[in-house]
Every structure is written in C-alpha cells, then in structure tokens.
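Here is a short tour of one model, with a strand and its neighbours at the start and a pair of helices at the end. Please keep the viewer open as you read.

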Amino acid sequence: MPVTDFTLIRHGQTAENITGRLQGHFDSLLDETGILQAKAAANRLAGEHFDAFYSSDLKRAMMTAEVIAETVGIRPEPLMELREWHLGVLEGRLCKELWEEYPAIMNCFKYESGEIPVPGGESHNEFDARVAGCLELLAAKHPDEKVLLVTHGGVMRSIFKHIVGPVAEGSLLPLISNVSYSRFCKRDDRWQLCCWNDVSHLKGIGVRESITF
C-alpha cells in the first residue's frame, strides 16, 4: 500500500499572538520574531526533499511558507482548505473579552468538544470536516510522496483529532507552538502520528505556546 508522508509547520508568531487577539480568518502578518522563527524552521527542513508544498492562503502562513521555500527549493501552493477556523464575529477581538461573552466557543481551544455554532463563521463540526476532507484528498493525490504543509494552530489540532482521535474528557488539547515541526503519515490506509510540536530548532529565539488562534 502507498504511504503519504506529511511534514507540518505552524505559521510564525504574529503581533496578535502576543496581544491575545483572536485571528481566525483575520489576515495578520508575521512580526519580527515570527520571521526569525520561519527562518529557523527553514533551516530545520534544509536537505529534506518534498514532492508537494501547500500552505494556507492567509498572509501569516504564506509569509512563513515563502521563507521556507527559499531553502527547500519548492514553491508553496496556497490552499484555502488549510485556513484557520473561521470564527466569524469573534475575529480580531481580545480573547480576555471573548472568554466572558463566548465561553463555549473559547473552551473549544482548551478541551475536546462537539458541535459548537459560531456566529458568522464555521461551526466546530464544519471546521473539522473541512480539515479532514483536505487531508484525505491530499493523501489520495500524493501516494508515496512527501508533502509539506504550513498552516495554523486550530487546523493542527483538528488534524491531531483526525489521525489520533478525540482527547480524553477532562484532558487539555495538545499544545502547538509557532513554527513547531510535526509529522504524520497515511500508511496502509491508516493514519499514524510520527512527531508532534517539536521546537528544538527554536533554541535562542524563544517558544510561545498558545491555546487560541
């Protein structure tokens, strides 16, 4: 059976990550630290061969992907399906305010949850279905190939759920750092997690783990 190997990088740091402002589809940019992080991720990937390279089309992801492309020698293809969770009326607002107004939605960033509607955006189930559908299509499109993805924290948590399963009730969802390195594959028609949230390439730059997107 064919094996599709995925390498997964979260986008670099943004000013909104630091100020605690919810992003979603809000099209933020990398800050200076985020650019340094992207360069560190590129160095981590130097020498690796990839047959395909996809990135969320949001600017913070594409900026990260463009930096990486200079090292890996393959251009990123923008893919809307890799965008962050569309959070509707919550986007661009401070998380500390949203915890008071939308606690059920905000708790989705910490704990496993079922269907949660989002005013003006995607429900939790719609978001998970989008991400799962994208993964399955990419695996079918690239049998026996290595695929590089640059995307967002929420998408990465949805990927984790798709390939590993839901997190146990009462346990926190996995942490995801900016420009963390993760790997997973589809082997014998089954998904397998190989590595998660490795930040060893960020020594001297700093690591910030966030629970919101």
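The text below looks at strand pairing, then at one residue, then at helix packing.

Keep in mind that this is a predicted model. A good place to begin is strand 1, which covers residues 3-10. This strand is mostly covered, with seven of its eight residues buried. Strand 1 pairs with strand 6 and with strand 4, and the table sets out both pairings.

| Partner of strand 1 | Residues of partner | Sense | Bridges | A pair of opposite residues |
|---|---|---|---|---|
| Strand 6 | 181-187 | antiparallel | seven | Phe6 and Phe184 |
| Strand 4 | 146-151 | parallel | six | Arg10 and Thr151 |

Now zoom in on Thr7, which lies in strand 1. Is Thr7 buried or exposed? Thr7 counts as buried because its relative accessible area is 0%, under the 20% cut-off. Leaving aside residues up to four places away in sequence, Thr7 touches Leu45, Glu48, Phe50, Val147, Leu148, Leu149, Tyr181, Ser182 and Arg183.

Let us turn to the helices. The distance between the axes and the angle between them describe how two helices pack. For helix 2 (residues 32-45) and helix 3 (residues 59-72), the axes come within 8 Å and cross at roughly 35 degrees. The crossing of helix 2 and helix 3 is right-handed. Helix 2 brings Ala38, Lys39, Ala41, Ala42 and Leu45 to the contact, while helix 3 brings Thr64, Val67, Ile68, Thr71 and Val72. Sorted by class, this contact between helix 2 and helix 3 holds seven nonpolar, two polar and one charged residues.

Definitions and conventions
Residues are numbered from 1 along each chain as its sequence is written. This is a predicted model: local features need pLDDT of at least 70, side-chain atom pairs count only at pLDDT 80 or more; totals for chains, interfaces and linings use all residues. Side-chain values use heavy atoms; hydrogens and water are left out. Buried means under 20% relative accessible area, exposed over 50%, partly exposed in between (1.4 Å probe, protein chains only). Helices (H or I, at least four residues) and strands (E, at least two) are DSSP runs, numbered from the N terminus. Two strands pair if DSSP finds at least two bridges between them. Axes are lines fitted to C-alpha atoms, for helices over the stretch in contact, and angles run from 0 to 180 degrees between N-to-C directions. A crossing is left-handed if the near helix is turned anticlockwise from the far one by less than a right angle, and right-handed if clockwise. Contact means heavy atoms within 4.5 Å. Ala, Val, Leu, Ile, Met, Phe, Trp, Tyr, Cys and Pro count as nonpolar, Asp, Glu, Lys and Arg as charged, and the others, Gly among them, as polar.
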